[in-house]
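Got the chain open in your viewer? Let's go through some labels and ask what earns each of them.

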Amino acid sequence: MKKRWENQNLCGIGRREARTSFYRDSQEMISLNGEWRFLYLEAPELSPQGFEKAKTDEAWDTIDVPSVWQLRGYDSMHYTDTEYLFPLDPPYVPTKNPTGIYKKTVYLSKEWTKQDTILRFHGVDSAFDVWVNGQYVGYSKVSRLPSEFDITNYVNEGENDITVRVYKWSDGTYLEDQDMWWLSGIYRDVELINEPKQAIYNCAADGSLDESFKDGIFTADITLKQAEGEGNYILEYNGNKVMQGDFRTDDGTVHLEERIPDVKKWTAETPELYLLTVTAGQHTIQVRIGFRKIEIKDGNFRVNGQVILLNGVNHHDYNPKEGRCVTYEQEKNNIILMKQHNINAVRCSHYPANEYFYDLCDEYGLYVIDEADLECHGFELVKNYQWITDDPAWEQAYVDRSVRMVKRDRNHPSIIMWSMGNESAFGCNFRRAAEEIRKLDPSRMIHYEGDYEAEVTDVYSTMYTRVKRLEEIAESKSKGGKPHILCEYGHAMGNGPGGLKAYQDMFRKFKRLQGGFVWEWYDHGIYAEENGKTYYRYGGDYGDFPTNENFCIDGLLMPDRTPSPGLLEYKQVIAPVEITKVPGKKTEILVKNYYDFRSLDCIVLNWALEEDGMPIQEGTIDTLHTEPHGKEKMTIPVQPFELAENKDYYLRVKACLKEDELFAEAGHIISDVQFLLEIRRDVLTEREKKEKLQIWEERGFLTVENEEITAKFHTVFGKLLSIEKGGRVYLADGPEMTVYRATIDNDMYKKHDWMNKCFIQTGSERTIHFDCKEMEDKVVITIGKYFGCVNQSWGFACEYEYTVFSSGQVRVSIDGKTVQRGKMEPEFLPRIGVCMKASKDLQQTVWYGMGPGESYPDSKAASVMGIYRNTVDGMHTDYVFPQENGHREHVKWFGLSDGNQTMLCKAESALGLNIANYTDESLEKARHPHEIKKSSHVIVHLDRHHSGLGSNSCGEEQLEEYKVKRQDFSMTFTFSIVDAGKEIKEARKQYLD
Ligand code: GAL
Ligand code: MG
C-alpha cells in the first residue's frame with residue numbers, strides 16, 4: 001500500500017511555489033490561530049469515513065493552534081539527540097503513526113470571495129493533507145517552512161470547513177532528526193489571505209554596494225500573479241524618498257536596478273534599513289533593504305570590505321510551556337538579550353526560524369546563518385551516515401529544503417550565509433543543493449559543517465574543535481585556505497562553559513578564524529510543577545526511551561529566561577571593547593576596539609577608584625575615538641588620595657553606551673573590568689588579651705573555653721567539633737579535607753573514573769596524632785591526619801594546627817603533603833580543600849571576594865572583587881540538572897549570620913568558597929532542583945584549588961592550567977564571632993601573629 005507520507009519525491013501536492021516573505025502586506029488576512037476541533041488517532045488509516053466532509057461531532061476535542069499536541073495531552077513527550085524513534089527503513093515510517101485531524105469553520109464575506117483565498121501554514125510538523133469544504137486541496141511537508149495553498153476554487157461566501165490531517169511520521173522525518181524534542185502538530189501560525197486577482201506574488205530585492213562600498217546597488221525582481229500589469233515603487237530612508245519609479249510588464253516579471261549614491265550601509269553594528277514599497281493594482285507590499293556586500297577576499301569573508309568576527313550563538317525555537325511554539329514578543333526579547341550580551345551573530349540551528357525572526361535580526365543587527373531544515377544524524381549511529389545523503393533518489397528532497405528556505409528568506413540583509421543543514425554526512429545531494437542555492441543567490445556564502453573538505457562550501461566550518469587543533473587550522477591553508485568558523489563550540493550544558501576566553505584569544509589572534517557560535521541559546525526544559533514548586537523536565541522524565549536525558553539542557557539561558565553565569569561570562573569575553581592595564585602604570589589603560597565598523601565614539605568609560613570594591617572616586621571619560629580594530633591609551637585621572645589601613649585598591653572601568661540604542665539605553669554596560677592596584681597600607685594590631693582559656697578533657701572531648709569562645713575538639717577523631725559562644729553553636733563541625741565536588745555535566749566523561757574507580761567522594765581522615773599545648777594567651781592544638789579515599793594509594797598527609805586565642809579567635813592552618821604509593825590516580829581532582837558545617841540559623845552571607853554571581857577558575861571574566869551580601873539559598877545557581885554550583889573565587893573573608901551575630905572567617909590568602917543548604921552528596925543525587933535534600937546545617941567549602949569547568953560535555957576539556965593536579969597545599973583561616981554589621985571592620989584587622 002503506497003502511502004503519500006512515505007514518498008520522499010513527493011514534496012507537495014497543490015502547494016504554491018515558495019516565495020519571499022514580505023515585511024508588510026496590504027492584503028487582508030484572517031488569522032486561523034485559536035481553537036480548532038481535534039481528533040487524535042494512532043494511524044491515519046483510522047480516520048473516520050468522510051471526516052473531510054462531515055461536520056465534527058461531539059466526540060472531537062478542541063485544541064488551540066499553534067501548539068504541539070504532545071503538550072496538550074496527546075501522544076507522548078520524547079527527547080533524543082541522535083536516535084530516530086523507529087527502525088530505519090527510509091522512506092518508510094511506522095504504521096502506528098500518531099495523527100491529528102484538525103477542523104475549523106471560517107466565515108468569509110461576499111467582499112472577500114471577490115478576491116482569491118490563500119491558505120498559509122507557517123509550520124506543520126511533519127507532513128499534512130488539506131481539505132476545504134470536503135474537497136481535497138493538497139499536501140505538504142518540511143516542518144519548518146511555510147506552505148501555501150490557493151483555495152479560491154474551494155471556498156464560498158459564508159461558512160467554510162477547513163480540515164487538516166497532520167502526520168507525526170513521514171519520509172520527511174528522516175531529514176528532521178535534529179537534537180530536540182519530537183513534537184508534532186500545527187505549531188506555527190495559520191492564516192487566510194485575501195489576495196487580489198492582480199497581485200504581487202514575489203519580490204526578491206537586494207541591496208549591494210559598488211566596488212568602493214560607497215554607492216548602493218539596488219535590484220529587485222518582481223513577479224506578478226498575472227502576466228500583464230503595472231505598478232510603481234518607492235525606496236525610502238527614514239521616511240525620506242530616495243528613489244521611485246513605475247513599471248509595466250506583459251510577462252509578469254519586472255526587473256529593477258538602481259544606484260543609490262552615498263548609501264547608508266547595513267552591518268550588524270549599524271543596522272541601517274531602507275524601506276521599499278511596491279504597488280501593483282490593489283496590492284502593496286513592503287520589503288526592508290539593507291545595503292551591504294558579502295565577499296571572500298584573501299582568505300577572509302568580509303562585510304562591506306571589512307573582515308568581521310562572528311561572536312555568535314545557536315538558536316532553536318523553544319518555549320518552556322509550548323515546546324517549539326514561539327511568539328514574536330518572545331523572539332524579540334531573545335534578540336534584545338543577545339544584543340545586550342554582545343552577541344553579534346546567530347545560527348538558526350538547525351532549521352529556518354519564523355519569518356519575523358529575520359525581520360528582528362535585520363532591525364536589531366545580527367549576522368545570521370540561515371539553515372535548512374535538514375539533519376539525518378541517526379544514520380551515523382548505524383555506520384551508514386551517507387545512506388540517503390549520497391543517494392540520488394533523495395536529491396529532490398534535499399534540494400527542496402534549501403531552495404524553499406532561500407526563496408522565503410532572501411530579502412533579509414542579516415542573512416550572510418545559507419547553511420544546507422546539519423550532521424548529515426556529505427554526498428551528492430548536498431552538491432546539488434549547493435548548486436541550486438548558488439543559482440538563486442550568488443551574493444551570500446554557503447555553509448555546511450558536514451562538508452568536511454569544504455568541497456562546495458565557502459567557509460570551512462567545524463564544531464567543538466579543541467583549541468590546539470584550532471591553532472593548527474589557523475596556521476594552515478587547508479581546505480583551499482577558506483575562512484574558518486566554529487558553527488558550534490562552548491557547549492553550555494549545566495555549569496559552564498568554561499574556557500571561552502581561550503577561544504576568543506584564538507579568534508582575535510588568527511585572521512583565518514572568523515569566530516564561532518556557542519551551543520546554544522536556551523535550555524530546552526519543559527515546565528512542570530510539583531507541590532507548588534516549578535521545575536523543568538528533560539528526556540526520561542516522561543518515561544521516554546531511548547533518550548539523551550538532560551543533553552537538551554545546554555543553553556546560555558535557563559528555561560525561565562534567567563541568564564546563566566555562562567552567558568554573563570560570554571558577554572564579557574566577547575565584549576567589543578577590551579580594556580587592559582598598561583604594565584607598570586597605575587592609572588594608564590589600553591582600550592582596544594573590536595567593533596568591525598563602529599568607532600568608540602559611541603562609548604563612554606565610567607571609571608572608579610575602589611576601596612575593597614567600594615567606589616571612593618568616580619569619573620567619566622567620553623573622549624574616545626578609537627577606530628574599528630584600533631587601540632588607544634588613556635590615563636584615568638585619579639586624584640591623589642590617602643591610603644586607608646588594610647584596604648585593597650582597584651581601578652574599575654566600565655565601557656558603556658553613550659546614547660540610547662535600539663537594544664539598550666545609554667549607560668548599558670558593554671564591558672566591565674577591574675584591576676588591582678598594588679598599593680596597600682598594612683597596619684598590624686595586637687590581639688586583645690582576654691580571660692585565660694580553660695581546657696578540660698572528657699572521654700575524647702576536649703574543650704577550650706573562656707567568656708569569648710568555646711572550641712570543642714575530639715582527640716580520637718582528631719578534629720574541631722564546634723565553635724560556640726554564649727551557649728550558641730556557630731561552627732557545627734570543623735574542617736575536613738575533600739577533593740570532591742558534585743559532578744558537573746562537563747565532567748561526564750571523568751565521572752566514572754572519579755567516582756567508581758578512584759572513589760573521590762569517599763574521602764576520609766585518619767588521626768595520626770593529637771597534641772594540645774597551652775601557652776600564655778592561647779592554646780595550640782596540632783593534629784596529624786592522613787587523608788585518602790577508598791582503596792586508593794594516593795592521599796595527603798595533613799597537619800592541622802588550631803590556635804585558640806583568648807580574644808575569641810580560632811585560627812586554622814592546614815598543611816597537606818601529597819602521597820602516592822601506587823600507580824593509579826585520577827588525572828586531576830575537582831578540588832583540594834576542606835568542608836565544614838555551620839549552624840542552620842546562619843542564613844545570611846557576606847563575603848569579600850569575586851562576585852556577585854558564581855565564578856570558577858576558567859569562568860570569571862564577569863566577576864569582580866567586592867563585598868557582597870546574599871543568603872545561603874541565594875548563593876545557589878539553580879541549574880535545571882543539579883550539579884556543583886555557586887562557587888566564588890578569590891574570597892578573602894566571609895561571614896555567616898543570623899542577623900544578630902556573625903561567624904566571620906578570614907583567610908590569610910584568598911580561597912575558593914561555596915556555601916549551601918545541602919551537601920555535595922545530595923546535590924549529586926538529585927535530578928531536579930526540588931529533589932535536592934536540605935541539610936540540617938549550612939555546608940561550607942573552602943578550597944585551596946578548584947578545577948575549571950571546561951566544556952567537555954561536548955567539546956574541550958578543562959585546559960591543563962585549570963586542572964587541579966594532586967599537589968602539596970596549605971591554607972590558613974581564622975574564625976571569630978562578631979556582632980552583625982561589624983564584619984567588615986573586624987575583617988580588615990590584621991594581627992601581629
Ligand atoms: C552537535 C549538534 C547539535 C547538538 C550538539 C550537542 O553535534 O549539531 O544539534 O546536538 O551537538 O548539544
Ligand atoms: Mg545532531
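What follows is a set of questions and answers on how the terms fit this model.

This is a predicted model, in which local features need pLDDT of at least 70 and side-chain atom pairs count only at pLDDT 80 or more, while totals for chains, interfaces and linings use all residues. Residues are numbered from 1 along each chain as its sequence is written, chains are lettered from A and ligands numbered from 1 in the order in which they are written, and side-chain values use heavy atoms, with hydrogens and water left out.

Q: What makes the radius of gyration of the chain agree, or disagree, with that of a compact globule?
A: The rule for a globule is 2.2 Å times the number of residues to the power 0.38, with the radius taken over C-alpha atoms. For 993 residues that gives a value near 30 Å, and the chain has 33 Å, so the two agree. Along its principal axes, the C-alpha trace spans about 110 × 65 × 50 Å.

Q: How many helices and strands does the chain have?
A: Count DSSP runs from the N terminus, with helices being H or I of at least four residues and strands being E of at least two. That yields 12 helices and 61 strands.

Q: Why is Asn 342 called buried?
A: Buried means under 20% relative accessible area, exposed means over 50%, and partly exposed is in between (1.4 Å probe, protein chains only). Asn 342 has 8% relative accessibility, so it counts as buried. Asn 342 sits in the loop between helix H2 (328–340) and strand S28 (345–348), and its phi is near 65°, a positive value in a residue other than glycine. Across the chain, 62% of the 993 residues count as buried.

Q: Which value of phi makes Phe 213 worth a look?
A: Its phi is positive, at about 55°, although Phe 213 is not a glycine. You'll find Phe 213 in the loop between strand S17 (200–209) and strand S18 (216–224). As background, most residues other than glycine have a negative phi, and most peptide bonds are trans.

Q: Which peptide bond leading to Pro 66 is cis?
A: The one from Val 65, with omega near 0°. Pro 66 is in the loop between strand S5 (61–65) and strand S6 (79–80).

Q: What is omega for the cis peptide bond from Gly 496 to Pro 497?
A: Omega is near -5° there. Pro 497 belongs to the loop between strand S33 (484–489) and helix H8 (500–509).

Q: Which residues of H8 are buried, and what covers them?
A: The buried ones are Leu 500, Ala 502, Tyr 503, Gln 504, Met 506 and Phe 507. Their cover includes strand S27 (310–315), helix H7 (467–475), S33, strand S34 (513–518) and helix H9 (565–573).

Q: How do you know whether Val 880 is buried or exposed?
A: Val 880 has 6% relative accessibility, so it counts as buried. Its place is in the loop between strand S56 (864–871) and strand S57 (888–897). Taking contact as heavy atoms within 4.5 Å, and not counting residues up to four places away in sequence, Val 880 touches Asp 523, Tyr 536, Tyr 538, Ile 553, Pro 559, Arg 927, His 928 and Pro 929. Val 880 and Pro 929 are 49 residues apart in sequence but 6.6 Å apart in space, C-alpha to C-alpha.
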